[in-house]
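Q: I've got a model open and I'd like to learn how to read it. Can you walk me through it, starting from a single residue?

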Amino acid sequence: MEDRGLAKAELDERFSALYRAHLRDVYSYAHYRVGHHQDAEDLTEQTFLQAYRHFERALAQADGRPLRPWLIRIAHNLAANHYRDRSRRPAAALDDETPAAAAHDVEALVSGREELALVLDGVMGLPDDRREALIMRFALGMDNREIARALGRSEGATKVLIHRAIRQLEGVVARDGGGSA
Amino acid sequence: MSGPADVERLLERALAPVEPPADLASRLRAALAALGESAVGELEAWERAAMRAPRRWARVAVALAAGAGALVRGRRRGD
């Protein structure tokens, strides 16, 4: 009983560290994935609650590898179920509090706002797997190996997926931006 | 915009990380704490119930009887 208690305390401590390290990652993913502030909060909460339930097994299976791809995969699956159940896709327009607003100066905001909106719209219009890969790469800074683990693909396939996503987005932006973006 | 490098620069800005709201963090901590407590509580309650439930006693008694019977039969064959 005491051993189990100690093990649980250690597990909780490790989960707490995981949570602190990746709350922003999961929320960022959820934010861009579902495009709505309240849904993003719900998705983040459900992701961590589910992760907590399976944490011990995940630790054993990870064998020392980072757990961020596992967390994002949980969020990815939950989001997919959410849209399957409700037959809806993420909103093309994100909430007013755009991420750019938090991170960039006024001049960049004014001059680049249309460009950024165009790119965001383009991302939201991509096929699911391409959109997910771009969110993981650019919002979370995940490398190909991590993205591959989160999406359940090979690294090679992931590299091709990202390349094609960027090429497709380039075409969308050139078309919709009239070449001026 | 002229190429993939430009699109990547725009993507870095458009998909900047988003800070979670402060109340989300505190709500999550509370939910996780409650989940942890309920998991321990459920386990302890299950253990207590297993010791007290007469149905489980019957199962244990049947299992013991079956084991004893097998042991006796094994010894007879050995003789």
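Q: Let's start with A:Ile72: is it buried or exposed?
A: This is a predicted model, so we read burial from the coordinates. The cut-off for buried is 20 or more other C-beta atoms within 10 Å. A:Ile72 has 28 such neighbours, so it counts as buried.

Q: Where does A:Ile72 sit, and what does A:Ile72 touch?
A: Look for the element first, then for partners far off in sequence. A:Ile72 belongs to helix α4 of chain A. Leaving out residues up to four places away in sequence, A:Ile72 touches A:Tyr29, A:Met136 and A:Ala150. A:Tyr29 is 43 residues away along the chain, yet the two C-alpha atoms are 7.6 Å apart.

Q: Which residues have the most contacts inside the largest nonpolar core?
A: A:Tyr29 is one of them, along with A:Ala75, A:Val119 and B:Leu15, in a core of 49 residues. Chain A supplies two or more residues from each of α1, α2, α4, α6, α7, α8 and α9, and α1 of chain B does so too. The top contributor is α1(A), with 9 residues.

Q: Why does this core lie between domain 1 and domain 2 of chain A?
A: Check which domains feed it. Domain 1 (1-91) and domain 2 (104-181) both give residues to the core, so it lies between them.

Q: How many residues of the two domains are in contact?
A: Count each side separately: 13 residues of domain 1 meet 9 residues of domain 2. On the domain 1 side, α1 and α4 of chain A each give two or more residues. That side splits into 6 nonpolar, 3 polar and 4 charged residues.

Q: And how many residues does each chain bring to the contact between chains A and B?
A: Same approach: chain A brings 36 residues and chain B brings 25. Within chain A's side, α1(A) has the largest share, 8 residues. By type, chain A's side holds 22 nonpolar, 6 polar and 8 charged residues. For a close-up, pick A:Val119: beyond residues up to four places away in sequence, A:Val119 touches A:Val173 as well as B:Leu10, B:Leu11 and B:Ala14.

Q: Where in chain A is the pLDDT below 50?
A: Take the overall figure, then hunt for dips. Chain A has a mean pLDDT of 83, with 78% of its residues at 70 or more. The dip below 50 covers residues 97-104, a stretch that has 14 contacts in the model beyond near neighbours in sequence.

Notes
Residues numbered from 1 in each chain as written. Chains lettered and ligands numbered in written order. Predicted model: local features only at pLDDT ≥ 70, side-chain atom pairs only at ≥ 80, totals over all residues. Core = buried A, V, L, I, M, F, W, Y, C linked by C-beta atoms within 7 Å. Buried ≥ 20, exposed ≤ 12 C-beta atoms within 10 Å, placed from the backbone. Helix = DSSP H or I, 4+ residues; strand = E, 2+ residues; numbered from the N terminus. Domains from an automatic or database assignment. Contact = placed C-beta atoms within 7 Å. Nonpolar A, V, L, I, M, F, W, Y, C, P; charged D, E, K, R; others polar. pLDDT = per-residue confidence, 0-100.
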